[in-house]
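User: Please take a close look at the surroundings of the bound ligand in this model. I should like a connected account of that part and of one residue beside it.

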Amino acid sequence: MNDMTKAAANANAAVESTPRFGSDCMAEMLRALDIPYIALTPGASFRGLHDSLVNYLGNARPELLLCVHEEHAVALAHGYARVTGRPLAVALHANVGLMHATMAIFNAWCDRIPMLMLGGVGPMDAVARRPWVDWIHTSSDMAALVRDYTKWDDQPASVAASLESILRGYRIATTAPQGPVYVCLDAGLQEEAVASPPPLPPLERYPAPRAVDPPSQAVAEIAAALARAQRPLFLIGRVANDRDSFARRVELAERIGARVITDLKTAASFPTPHPLHPFPAGIYISAEAGAMVRDADVILSLDWVDLAGSLRQACHGQLPSANVIQCSLDSYLHRGWSKDYQSLPPAEIFVLADPDRLVHALLASVPVPLRANALPAPASTAAEADDQADDQADDQADALPSRDDARISIAAMARVTSSTLATHKPSYVRLPLGWPGECCRFAEPLDFIGFDGGGGIGSGPGMTVGAALALRGSGRLPVAVLGDGDYLMGLTALWTAVHYRIPLLIVVSNNQSFFNDELHQERMARMRGRPIENRWVGLRMDDPPLDLAQLARGQGATGYGPVHDTAALQTALDSAIRDVDAGATCVIDVRVAPEYARAVSSALLRHIPNENDKGAQ
Ligand SMILES: Cc1ncc(C[n+]2csc(CCOP(=O)(O)OP(=O)(O)O)c2C)c(N)n1
Ligand SMILES: [Mg+2]
């Protein structure tokens, strides 16, 4: 019996066999869908459902995961789905709970994460409302708060309709392109006594829709284009994380002899040590990877996030000379409010298909290797080498007075951390912007889980807990390297990990600042001829210094640090690995120097000039 089932057994279960209330039926529907957990922060708008989950289903399948903030509940479901590909349910209290959850929902939306969010509202029948609180926590259109960044929503008006709505929501959330859905359950319906409960819809009559293969004509054209190509290049973005799909991508790249670029916004999708993957993955296209983009004559994008932006970055604002093939279903989700669909990509061939299905089909069309060996990767240009030298010189010139205490460089922290963890099968849930490429060695799916989707800081701890829950018992060590800002915004998510005995390791890259924005303030000051020494004002968090390890210990986790040098980091890592192996939730506070690699800073701060915008940098 694992800890979660023990927790379920500990509940004073008076499990009944026949549903008596509307929410008993709703809870049964969740069980029929085989949803293992429902993350929540409690609220009276779903007290009926809460009671049914505990006292009707016995707090098992789904089992409650108590979170101390709704943002953590959604982030947890996000991290879980990143690992398993499967949705969790999340219960969100009327108005205020949903409001708390919004940033995490936006992250999940941008990351195309399946999630079944259940809200409470009302009672919609005003006569049944309690004074005051039911009125402030009732809205005419609750889903309006999140409609622009959810895939679908509903507020069913009967118990029977609620069952259909939950089933439909599950199917929509899990159909590609995936996304979070929101079903708002009237508190009146949840609490309604049902004399003759509506039957659950028979799931075999409502199967998941079958995915469609890419059109054979398009597959033939793409296969021919790749066969003709002299310097084919794959950009691998949002794809499946199962081993078979991973292996098929390798097989296809080898048969075609295509070079490959992967990305840190998405999970490990191709072995980075493979000779066809010559340069490390990054959040932005590196100078070396950019040279490969410019050198390529055919580019196949497997749902690369921000294809147009990456091509423009690589080609200095110009269109690439290569023919571009885009394979993505994402345009099915594009809406007006959010611009997370990114710039319109140029593509001679655009296939509206699941990228892994295209890979599958191409393997059948390209049965033999087309090229014996990997193409050598082109060197970056002399101009780029000069730029890099200038950047290094700038680094010297720009250096601000350092703070008195000793700090580790991010590169040194990364080297020690990745080499120490290498033999413990780490799954990196998150890496910070300054993490050096040479420490991103991802040989298998789940070696790296991905990013947050929407750039919403504070999601790191919650996503880590969800990913670690999914990885529990897998033999992998879940590890997240989080900025101190991200950690501080989301740290009470750790309580859930401690409470449910979810082992994980968080290494905080603690520069005692929202440092990303120091770079922006420095840039503003430079552009306006103002003192760059002030770049830290309103951003630095060192007076008083925050005791990050103590904040972990305060929640029952194990906290190490602050560590100021690599020897102390090594010692802390060795102990933390033993602790995590024994089931602990661990945090190491590492004091790092405020710096990113210059190339990262440049990509972060500059928009890409285009032909009409030569002056702006
Ligand atoms: C919710 C939210 N607030 C503000 C920002 C703007 N922002 C982007 S990066 C960043 C700094 C994050 O600090 P930290 O996690 O410590 O990372 P660092 O840049 O210091 O490495 C901020 C505030 C954001 N992306 N999300
Ligand atoms: Mg920071």
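Analyst: Helices and strands are here DSSP runs, numbered from the N terminus, with at least four residues for a helix and at least two for a strand. The model is predicted. In these terms, residues 504-510 form strand β14, and Ser509 is part of this strand. With a relative accessible area of 4%, Ser509 counts as buried, because buried means under 20%. Not counting residues up to four places away in sequence, Ser509 touches Ile410, Met413, Pro432, Val481, Leu482, Gly483, Asp484, Val590 and Val592.

One of these partners, Asp484, leads to the ligand. Around ligand 1 there are 16 residues, and those that come nearest are Gly455, Asp484, Gly485, Asn516 and Tyr596. By class, six residues of the shell are nonpolar, seven are polar and three are charged.

Polar backbone atoms of the protein face the ligand at several points. At Gly455, such an atom is 2.8 Å from a nitrogen atom of ligand 1. At Gly485, the polar backbone atom is 2.7 Å from an oxygen atom of the ligand. At Asn516, a polar backbone atom lies 2.8 Å from an oxygen atom of ligand 1. On its own, ligand 1 has 580 Å² of accessible area, and the protein covers 73% of that area.

Two or more residues of the shell come from each of α17 (484-490) and α19 (515-528). Helix α17 gives the largest share, four residues.

Notes:
Residues numbered from 1 in each chain as written. Chains lettered and ligands numbered in written order. Predicted model: local features only at pLDDT ≥ 70, side-chain atom pairs only at ≥ 80, totals over all residues. Heavy atoms only, no water. Near = heavy atom within 4 Å. Polar contact = N/O pair within 3.5 Å; in protein donor to acceptor, adjacent residues only side chain to side chain. Areas by Shrake-Rupley, 256 points an atom, 1.4 Å probe, with all protein chains shown as cover. Nonpolar A, V, L, I, M, F, W, Y, C, P; charged D, E, K, R; others polar. Buried < 20%, exposed > 50% of the residue type's maximum accessible area, 1.4 Å probe, protein only. Contact = heavy atoms within 4.5 Å.
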